[in-house]
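Thank you all for coming; please take a moment to look over the sequence and the structure as they come up on the screen. I will then go through a few parts of it, one after another.

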Amino acid sequence: MKNPIWALMHSVRGRIYAAMAGSATSYLLNLAAMVMFAYNITQPQALTNLTWLLICLLLVAASTVLRLASFTISHLASYKLEVDLRSQIADKLASLPLGYITEHGSGRVAKLMQYNVTNLHAFVADSTPMLAKLYVAPLASLLVCAVFSWQLSLWLITGLTVGFVVLSRAMQGHGDTSALYEEKNAAFNQQAVEYIQAMSVVRAFDSGSQSYDRLHNTTVEFKELLTRWLAASGHSVRFAMWLFTPLPVLLWVGLGGWWLMHLQVLELSALAVVLLLSGGLVEGIMPLMWLNHAIKRSQVAATDIQQMLAQPSLPEPAQPEPVKFSKTPSIAVENLSFRYAGQQAWALQNMSFNIEPGQIVALVGASGSGKSTLARLLPRFWDPEHGRICIDGHDIRHLSSEQLMSQMAFVFQDNYLFDESLLDNLRLGYEHIDQALVEDAAKAAQIHDFIVSLPDGYQTMVGAGGVRLSGGQRQRIAIARALVQDKPILVLDEATAYADPDNEHLLMQAVAQLMQGRTVLIIAHKLNTIKDADQILVIDHGQLIERGTHDELLAKPSRYSQLWQAYENSQTWLLTDDSEEQRYA
Ligand code: ADP
Ligand code: MG
């Protein structure tokens, strides 16, 4: 397989090569200075003619300038890479089926954008120039040593080889462990992000203990891995690493040099050069190993990003036909079957129904029966396996995203608000719309009074994710947003789920306003909100089992009458529930 790091970096590859070349050249200039110094200092006339010293200084100066330049280039490349990757990921996200995030979790996508990209940034900025230097250094140094004394170089290489054998025996199994380390580290990161993002849900439903246990277990596994790693790589590794420090190497070269001089095959000047170079030579070997870890880590990060970028985008026609939709379009669902990726069971099976222009159709069924799945197939979160959905007779897969979205607004249970002003949130994507029109929508959605009661009114900033608003308020804002967008088709999935007795009638009024004159598919488990629908479809285990109006369905023994009975019973105790507005106040 092509190296994932290099494949991702094609836009800055030239700069990275320049930085690496600069860094390697800088090292070579420095090496030349060292050799000149070591050679000349041992010559008899060393202190009478100092030209060589001046040349050495010039070489060192040039080397320093080049090194700084190469780091500047690599840093600039890493900034560009960071921007490139983040926008590539963002573009990809925009073209992926909306279901991708639903399936993969926002934590994982956020981790790609943050942790993985930062990792590659650090790799390009700091590691690439170092890498070039660390590869060039031992080779060039050995070559120079060989020129001065091949015998002593051979002696040095023998010593290094012994050192490598000792080190590799000590490090056996280290590679597997470091891959495992990466895996556990990534798992921990992802769970931490999700734990924090889901905090509100976590607190509400399991007082944090269950979710915390998951995170805690991951942390413990991580700790155990590190402990095992440390134990496995104890004293033998530390001894092997010590072998690659200057002192043992200088002793080794000194010993060999003394012997070779004794045999009269080595001059003092050659010994001086080799001594000076060998110290620096080994100093690069350990960092090279650490750097290999960094490369592995970056490879994992790069592979994840590549996999995300390689996900198939939502297939769209290259040249969508121009379509003229009617003012209130019809929807036809034909023999629709769908199952989630990797699942055996069908989430929806062979479903067919029509929504006539301007009709309100409600989906009813037990939790998990497939209502939300169906609602999400309309805006193409995913495509069905069999059958099709048509708007005004056009298969939605033959429309461009723009065409489809120009016809459809959706309000789901959880509505994301951006960390912007309320006004900007309300006219998201419709920035040209007058504030007066936005306020009309807010009034219709019964949220205007609340907004103007805030100190900054429509300019009030919403916390990221809309955390400073209650669920009911967020839903009313989403409804107002849908009113601003004024699309002819509306998909509502539990759009009033967060209503409480105090504000439920407000929310219902808002929804009623929104549904007027549109073609609507609505899901609500509070059945009183949908009993006036033109048609009620009852779904069970992904199949359409009953259809009719409220009265028709109640007139005979049906699944719907059971659901209605259960709903009515639940109302008796729901009325004692706390007011949500009060809780958030
Ligand atoms: P409802 O909205 O009626 O409660 P859903 O449409 O959410 O039901 O779910 C229908 C079925 O599909 C359930 O069995 C649910 O577990 C499953 N399901 C929902 N979302 C996913 C998903 N992203 N991946 C796999 N299965 C899913
Ligand atoms: Mg649902």
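How many residues lie between strand 4 and strand 5 in the hairpin that they form? The model we are looking at is a predicted one, and in it two residues separate the two strands of that hairpin. One residue in the turn is Asp392, which has a positive phi of about 50 degrees.

Let me stay with these two strands before widening the view. Strand 4, which covers residues 386-391, runs antiparallel to strand 5 and is joined to it by two bridges. In one facing pair Ile391 stands opposite His394 of strand 5, and Cys390 stands opposite Asp395, again in strand 5.

The hairpin strands belong to an open sheet of four strands, whose order is 2-1-4-5 and whose pairing is antiparallel. Strand 2 (348-355) and strand 5 (394-395) are at the edges with a single partner strand each, and therefore one side of each has no neighbour in the sheet. As a general reminder, the strands of a sheet pair through backbone hydrogen bonds, and they may do so in parallel or antiparallel fashion.

Strand 1, residues 331-338, is joined to strand 4 by five bridges, and another five bridges join strand 1 to strand 2; both pairings are antiparallel. Ala332 is a helpful residue to follow here, since I can point to a partner in strand 2, namely Asn354, and also to Cys390, which Ala332 faces in strand 4. Beside this, Val333 has Ile389 as its bridge partner in strand 4. Strand 1 is also mostly covered, with six of its eight residues buried.

Next, the ligand. Which residues surround ligand 1? Among them are Glu103, Tyr340 and Ala366, together with residues such as Gly368, Gly370, Lys371 and Thr373. The largest share of this shell, three residues, comes from helix 14, which spans residues 371-377. Turning to individual contacts, a polar side-chain atom of Tyr340 is 3.3 Å from a nitrogen atom of ligand 1, while a backbone N or O atom of Ser369 lies 3.2 Å from an oxygen atom of the ligand. For Ser372, an N or O atom of the side chain is 2.7 Å from an oxygen atom of ligand 1. Taken alone, the ligand exposes 560 Å², of which the protein buries 62%.

Now to the charged pairs, of which a search of the whole structure finds 10 that qualify as salt bridges. In one of these, Asp304 pairs with Lys111, and the closest N and O atoms are 3.6 Å apart. Because Asp304 lies in helix 13 (residues 285-309) and Lys111 in helix 5 (residues 106-148), this pair ties together parts that are 193 residues apart in sequence. Asp304 is partly exposed at 23% relative accessibility, whereas Lys111, at 8%, counts as buried.

Another salt bridge joins the side chains of Asp383 and Arg380, at 2.8 Å from N to O. Is Arg380 buried or exposed? Its relative accessible area is 3%, so Arg380 is buried, whereas Asp383, with 21%, is partly exposed.

Finally, a word on the surface, where Phe37, Ile41, Leu47, Leu50, Leu53 and Leu276 make a nonpolar patch of about 530 Å². Ile41 belongs to helix 2, residues 13-41, and is partly exposed, with a relative accessible area of 41%.

Technical notes: Residues numbered from 1 in each chain as written. Chains lettered and ligands numbered in written order. Predicted model: local features only at pLDDT ≥ 70, side-chain atom pairs only at ≥ 80, totals over all residues. Heavy atoms only, no water. Patch = residues over 30% accessible without salt bridge, like charges linked within 9 Å, V, L, I, M, F, W, Y side chains within 5 Å. Areas by Shrake-Rupley, 256 points an atom, 1.4 Å probe, with all protein chains shown as cover. Salt bridge = Lys/Arg side-chain N within 4 Å of Asp/Glu carboxyl O. Buried < 20%, exposed > 50% of the residue type's maximum accessible area, 1.4 Å probe, protein only. Pairing = 2+ DSSP bridges. Near = heavy atom within 4 Å. Polar contact = N/O pair within 3.5 Å; in protein donor to acceptor, adjacent residues only side chain to side chain.
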